[in-house]
There are 2 protein chains.
Amino acid sequence: MTAPDPDGLLAEQLLRLTRRVHRIQKRYLERRELGITPAQSRLLRTLAHYSSPPRMADLAERLEVVPRAVTTLVDGLEAHGKVRRVPDPANRRVIRIELTDEGRETLRELRAARRAAAAEILAPLGEREREQLGELLNTLVDGPAGPPCEERPGGGPGPVEG
Amino acid sequence: MTAPDPDGLLAEQLLRLTRRVHRIQKRYLERRELGITPAQSRLLRTLAHYSSPPRMADLAERLEVVPRAVTTLVDGLEAHGKVRRVPDPANRRVIRIELTDEGRETLRELRAARRAAAAEILAPLGEREREQLGELLNTLVDGPAGPPCEERPGGGPGPVEG
DNA sequence: ATTCATTGTTACCTGTACTCACAATGAACG
DNA sequence: CGTTCATTGTGAGTACAGGTAACAATGAAT
């Protein structure tokens with residue numbers, strides 16, 4: 001440790017971990033036959049954090065992807081009846097995304113799967129260390145922000161991912 | 001904080017960060033017109049950690065991907081003259097992957113790019129915190145191991161990624 | 001010699017996200 | 001009013017990363 005390029009190394013570890021998370025999560029998803037992909041699962045979970053149905057653009061910003069990607073994800077979820085597109089009467093350009101009952105149900109199972117996957121990944125860490133890691137990651141994520149776009153306007157519905 | 005599902009959240013942050021790393025790294029790679037993709041860059045860097053040219057299977061294990069993926073990556077790198085496939089006289093099934101001079105040159109630029117990307121990501125953290133994060137990630141990565149396969153036989157050429 | 005395991009690869013498919021172009025809507029301003 | 005411009009979501013196309021399955025070549029074991 002204290003290698004020549006500690007920061008670069010750190011990025012490498014990050015990548016590796018994420019690949020692992022992805023693989024494990026996928027396994028759990030398949031096993032439970034929920035019929036959704038990891039990215040869709042992510043959108044679904046994100047959806048749950050809003051108090052009122054978000055717009056596509058909100059989700060894009062939140063997920064740190066381009067709006068087009070959200071369209072695809074919502075397509076998939078809607079086809080499986082997990083979410084619903086509802087027009088916004090106040091602004092006919094916007095579409096708001098609502099969780100359906102089935103979506104909420106799926107979400108419950110999803111959380112279990114997620115928890116199991118996380119537990120598997122985090123096994124080597126103790127309680128205290130997890131907290132540390134959590135704080136560090138929070139700092140990182142909330143820090144510079146910014147997907148392909150710049151920064152968020154601020155007055156969103158009810159974010160904060162918690 | 002101290003939310004209902006801290007571990008799940010943690011995984012979420014991980015994913016988000018990685019997406020960011022990926023995006024930033026890609027941007028750097030394009031800007032410098034190195035003509036390689038992030039995954040190829042990863043393989044290249046990994047290659048540098050071996051004292052003697054590794055086999056395809058070694059790389060697959062190291063990168064935690066299926067051997068087939070390595071084939072594709074090496075194809076790309078070889079086409080750009082960054083690496084060379086050399087047959088192993090001792091075992092005619094194996095192919096060893098060597099860095100070419102051009103590959104080594106690219107590697108130098110790559111490190112700079114990587115460092116810049118990491119710096120950008122890690123900006124919100126202080127020196128002390130980076131060390132902490134580094135240690136935590138190390139523990140995680142070295143912990144349970146295991147790609148699609150199980151565990152590594154141990155006697156690899158010269159691993160340890162550092 | 002036959003059988004089995006290793007190694008890399010051919011062929012194909014999925015998931016994810018990106019760019020570009022565009023239609024529909026809304027807002028600003030003459 | 002009409003013109004112009006920004007916002008919002010989407011169709012079409014592309015790139016990249018990785019996974020499965022089948023296989024040919026080689027090596028090892030019996």
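**Close-up 1. Residue classes on the surface near DNA strand D.** In this predicted model, the residues of the surface near DNA strand D comprise 12 nonpolar, five polar and nine charged. In total, 26 residues surround DNA strand D. The closest are Ala57(A), along with Thr37(B), Ala39(B), Val66(B) and Arg92(B). Both chains contribute helices with at least two residues each. From chain A these are α1 (6-32), α3 (56-63) and α4 (67-79). From chain B they are α2 (38-48) and α4 (67-79). The most comes from α4(A), which gives four residues.

**Close-up 2. The surface near DNA strand C.** DNA strand C is surrounded by 25 residues. Thr37(A), Ala39(A), Val66(A), Arg92(A) and Ala57(B) are the closest. Chain A supplies two or more residues from each of α2 (38-47) and α4. Chain B does so from α1 (6-32), α3 (56-63) and α4. By class, the residues near DNA strand C are 11 nonpolar, five polar and nine charged.

**Close-up 3. Glu64(A), a residue with positive phi.** Most residues other than glycine have a negative phi. Glu64(A) has a positive phi, near 60°. Glu64(A) sits in the loop between α3 and α4 of chain A. Is Glu64(A) buried or exposed? Glu64(A) has 19 C-beta neighbours inside 10 Å, so it counts as partly exposed. A buried residue would need 20 or more.

**Close-up 4. Glu64(B), in the loop between α3 and α4 of chain B.** The phi of Glu64(B) is near 60°. That is a positive value in a residue other than glycine. Around Glu64(B), 19 other C-beta atoms lie within 10 Å, so the residue is partly exposed.

**Close-up 5. The packing of α2(B) against α3(B).** Two packed helices are described by the angle between their axes and the distance between the axes. For α2(B) and α3(B), the angle is about 110° and the axes are 11 Å apart. The two helices are therefore roughly perpendicular to each other. The range for that term is 65 to 115 degrees. The crossing of α2(B) past α3(B) is right-handed. On the α2(B) side, Arg42(B), Leu43(B) and Thr46(B) make the contact. On the α3(B) side, Leu59(B), Arg62(B) and Leu63(B) do so. The residues of this contact of α2(B) with α3(B) divide into three nonpolar, one polar and two charged.

Note on methods: Residues numbered from 1 in each chain as written. Chains lettered and ligands numbered in written order. Predicted model: local features only at pLDDT ≥ 70, side-chain atom pairs only at ≥ 80, totals over all residues. Near = placed C-beta within 6 Å. Nonpolar A, V, L, I, M, F, W, Y, C, P; charged D, E, K, R; others polar. Buried ≥ 20, exposed ≤ 12 C-beta atoms within 10 Å, placed from the backbone. Axes fitted to C-alpha atoms, helices over the stretch in contact; angles between N-to-C directions. Parallel < 35°, antiparallel > 145°, perpendicular 65-115°, else oblique. Left-handed = near helix turned anticlockwise from the far one by under 90°. Contact = placed C-beta atoms within 7 Å.
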